[in-house]
Amino acid sequence: MSARENIAGLAYQAGRLVKRLAECGEAEKAVAAEELAILRDELRVAREGAVVIREFGGHLRATSGKGWHVIRAAKDGSRYCTCAAWKFQRIPAAARSCKHLAKAKQLGLI
Ligand SMILES: [Zn+2]
């Protein structure tokens with residue numbers, strides 16, 4: 001999928017959510033609004049090439065435009081990310097990093 005297709009797809013999903021927000025009941029509104037906030041983050045990242053981190057129920061989620069990766073603490077206290085760039089580094093897990101971990105550190109979140 002090209003960056004342009006990714007952005008078009010995200011914009012389409014955001015448009016559908018805006019429509020759903022206007023039509024849904026109060027109970028569903030909070031969920032739809034949260035989904036919309038996440039999509040808007042993804043859209044911003046896809047357009048600007050940045051990394052966005054969100055705190056989510058005791059762990060962090062990070063995106064650089066294509067889906068969300070999870071950042072958690074390992075048993076030894078080091079952090080790991082579920083992205084492919086982190087996973088396929090051929091060095092010990094505790095020594096690995098990726099742009100998501102770097103951004104989380106830069107923001108003082110880990
Ligand atoms: Zn990562």
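Biologist: In the hairpin of E3 and E4, which residue takes a positive phi?

Modeller: Gly-77 does, with a phi near 95 degrees, in a hairpin that has five residues between the strands. The model is predicted: local features need pLDDT of at least 70, side-chain atom pairs count only at pLDDT 80 or more, and totals for chains, interfaces and linings use all residues. Residues are numbered from 1 along each chain as its sequence is written.

Biologist: How do you know that E3 and E4 pair?

Modeller: Strands are DSSP runs (E, at least two residues), as helices are (H or I, at least four), and both are numbered from the N terminus. Two strands pair if DSSP finds at least two bridges between them. Three bridges join E3 to E4 (residues 79-81), so the condition is met. The two strands run antiparallel, and Ile-71 stands opposite Cys-81 in E4.

Biologist: What makes E2 and E3 a pair?

Modeller: E2 and E3 (residues 69-73) also have three bridges, in the antiparallel sense, and the pair therefore passes the requirement of at least two. Ala-62 stands opposite His-69 in E3. The hairpin of E2 and E3 has five residues between the strands, and there Gly-65 takes a positive phi near 115 degrees.

Biologist: Where do these strands come in the pattern of the chain?

Modeller: Along the sequence the pattern reads α-α-β-β-β-β-α-α, which amounts to four helices and four strands. The C-alpha trace spans about 50 × 35 × 20 Å along its principal axes.

Biologist: Why is Asp-41 called partly exposed?

Modeller: A residue is buried if 20 or more other C-beta atoms lie within 10 Å of its own, exposed if 12 or fewer, and partly exposed in between; these C-beta atoms are placed from the backbone. Asp-41 has 19 such atoms within 10 Å, and therefore falls in the partly exposed class. Asp-41 belongs to helix H2 (residues 26-48).

Biologist: What makes Cys-24 partly exposed?

Modeller: Its count is 15 C-beta neighbours inside 10 Å, so Cys-24 also lies between the two limits. Cys-24 is in the loop between helix H1 (3-23) and H2. In the chain as a whole, 17% of the 110 residues count as buried.

Biologist: Which residues does Asp-41 touch, not counting those up to four places away in sequence?

Modeller: Two residues are in contact if their C-beta atoms, placed from the backbone, lie within 7 Å. With residues up to four places away set aside, Asp-41 touches Val-52, Arg-54 and Thr-63. On the same basis, Cys-24 is in contact with Lys-29 and Ala-32.

Biologist: How do you know that domain 1 and domain 2 are in contact?

Modeller: The bounds, taken from an automatic or database domain assignment, give domain 1 (1-49) and domain 2 (51-110). Six residues of domain 1 are in contact with seven residues of domain 2. H2 supplies the largest share of the side of domain 1 that touches domain 2, namely five residues. The C-alpha centres of the two domains lie 23 Å apart.

Biologist: What makes up the largest nonpolar core?

Modeller: A nonpolar core is a set of buried Ala, Val, Leu, Ile, Met, Phe, Trp, Tyr and Cys residues joined through C-beta atoms within 7 Å. The largest has 10 residues, namely Val-51, Ile-53, Leu-60, Ala-62, Ile-71, Cys-81, Cys-83, Cys-98, Leu-101 and Ala-104. Strand E2 (59-63) and helix H4 (99-106) are the elements that give two or more residues to this core. Cys-83 is in contact with His-69, Cys-98 and His-100, leaving aside its neighbours within four places in sequence.

Biologist: Which residues of H4 are buried?

Modeller: In H4, the buried residues are His-100, Leu-101 and Ala-104. They cover an arc of only 95 degrees around the axis, and therefore lie on the same side of H4; the arc is that of the directions from the helix axis to the C-beta atoms. An α-helix has 3.6 residues a turn, so residues three or four places apart point the same way. Strands E1 (52-56), E2, E3 and E4 are among what covers the buried residues of H4.

Biologist: Which exposed residues does the face of H4 turned away from its buried side carry?

Modeller: That face of H4 carries Ala-102, Lys-105 and Gln-106. After H4 comes Gly-108, with a positive phi near 75 degrees.
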